[in-house]
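Open the model in your viewer and switch to a cartoon view. Keep the selection box at hand.

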Amino acid sequence: MSFNDIFKSSFLESVAEFSVLDTLIGLIFSLVVGLFIYLVYKKTLTGILYSAGLALTLVGLTMVTTLVIMAVTSNVVLSLGMVGALSIVRFRAAIKEPVEIVFLFWALAAGIVIGAGMIPLAVIGSLIIGGMLFLLANRRYGDDPYMLVLRCENEKAESGAMDLLKNAGCRSKVKAKTISQNGIELSVELKLRDASTEFLHAIGAVEGVQSATLCSYNGEYMS
């Protein structure tokens, strides 16, 4: 076999059959869509829920998936080899929030669709998914619960404080109750009708209530 026979091989010819322009267009659009997914992830998950590593992974995952699908769609033999290669890959990564799975699948799906040449579908679908996540995230954060920690001397003070919560229109649920020689400590989950916390002063004025602490946790700080 001579060098001419090697260069005339159908394998090398099939490898050379790709469009540089199509590759650049696909990678550019995958970068834009990946950055959009990154932006949505950054805006919808804040505080300890946000992972900078995962955010960068979403951009890279979109582009890598696009590149792989472009290669697979251009060569049937390569597609079979890619399936075999990916079947032995095992990923080990801790998922802190279930919603992170949505972003990972979104990045994979966008990369697959762009690699298959359906760029308008990837752009329109990403805009719809991103808008839906923005709306749901804003609604979720607007209904964050509060935690009320009460320290009472006796059951009479406890009953008086809980009655005030009902009269104030707060939806309450006792999460923990501790009884000791020093009195009673309650942890009550609250959902307020509005942002007013005037009821806390009334609870603190109840006879037998030693202290009343209202906490709100939004993923960034305790207040």
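The tour goes from a helix to a sheet and then to two side-chain pairs. Keep in mind that the model is predicted.

**Stop 1: helix 6**

Select residues 99-115, which make up helix 6. The 17 residues should span 24 Å at 1.5 Å a residue, and the end C-alpha atoms are 25 Å apart, so the length agrees. Now show side chains. Buried residues in helix 6 include Glu 100, Phe 103, Trp 106 and Ala 107. Further along, Ala 110, Gly 111, Val 113, Ile 114 and Gly 115 are buried too. An α-helix has 3.6 residues a turn, so residues three or four places apart point the same way. Step just past the helix to Gly 117, where phi is positive, about 95°.

**Stop 2: the sheet**

Which order do the four strands take in the open sheet? The order is 2-3-1-4, with antiparallel pairing. Select strand 2 (171-180) and strand 4 (209-216): they stand at the edges with a single partner strand each, so one side of each has no neighbour in the sheet. From one strand to the next, the twist averages 15°.

Next, select strand 2 and strand 3. Nine bridges join this antiparallel pair. The two strands form a hairpin, with two residues between them. Arg 171 has Lys 191 in strand 3 as its bridge partner.

Move on to strand 1 (residues 146-152) and strand 3 (residues 183-191), an antiparallel pair with seven bridges. Label Tyr 146, which stands opposite Leu 190 in strand 3. Label Cys 152 as well; Ile 184 in strand 3 is opposite.

**Stop 3: helix 8 over the sheet**

Add residues 155-167, helix 8. The helix lies across strand 1, strand 2, strand 3 and strand 4. Its direction is at about 10° to strand 3.

**Stop 4: the salt bridges**

How many salt bridges are there? The count comes to two.

Select Arg 151 and Glu 185, whose side chains meet at 3.5 Å, N to O. Arg 151 is in strand 1 and Glu 185 in strand 3, so the pair ties together parts 34 residues apart in sequence. Arg 151 is partly exposed at 36% relative accessibility, and Glu 185 is partly exposed at 31%.

Then select Lys 177 and Glu 158, which form a salt bridge at 3.2 Å, N to O. Lys 177 lies in strand 2 and Glu 158 in helix 8, so this pair links parts 19 residues apart in sequence. Is Glu 158 buried or exposed? Glu 158 is buried, at 13% relative accessible area, whereas Lys 177 is partly exposed at 43%.

Methods. Residues are numbered from 1 along each chain as its sequence is written. This is a predicted model: local features need pLDDT of at least 70, side-chain atom pairs count only at pLDDT 80 or more; totals for chains, interfaces and linings use all residues. Side-chain values use heavy atoms; hydrogens and water are left out. The expected span of a helix is 1.5 Å times one less than its number of residues. Buried means under 20% relative accessible area, exposed over 50%, partly exposed in between (1.4 Å probe, protein chains only). Two strands pair if DSSP finds at least two bridges between them. Axes are lines fitted to C-alpha atoms, for helices over the stretch in contact, and angles run from 0 to 180 degrees between N-to-C directions. Contact means heavy atoms within 4.5 Å. A salt bridge is a side-chain nitrogen of Lys or Arg within 4 Å of a carboxyl oxygen of Asp or Glu.
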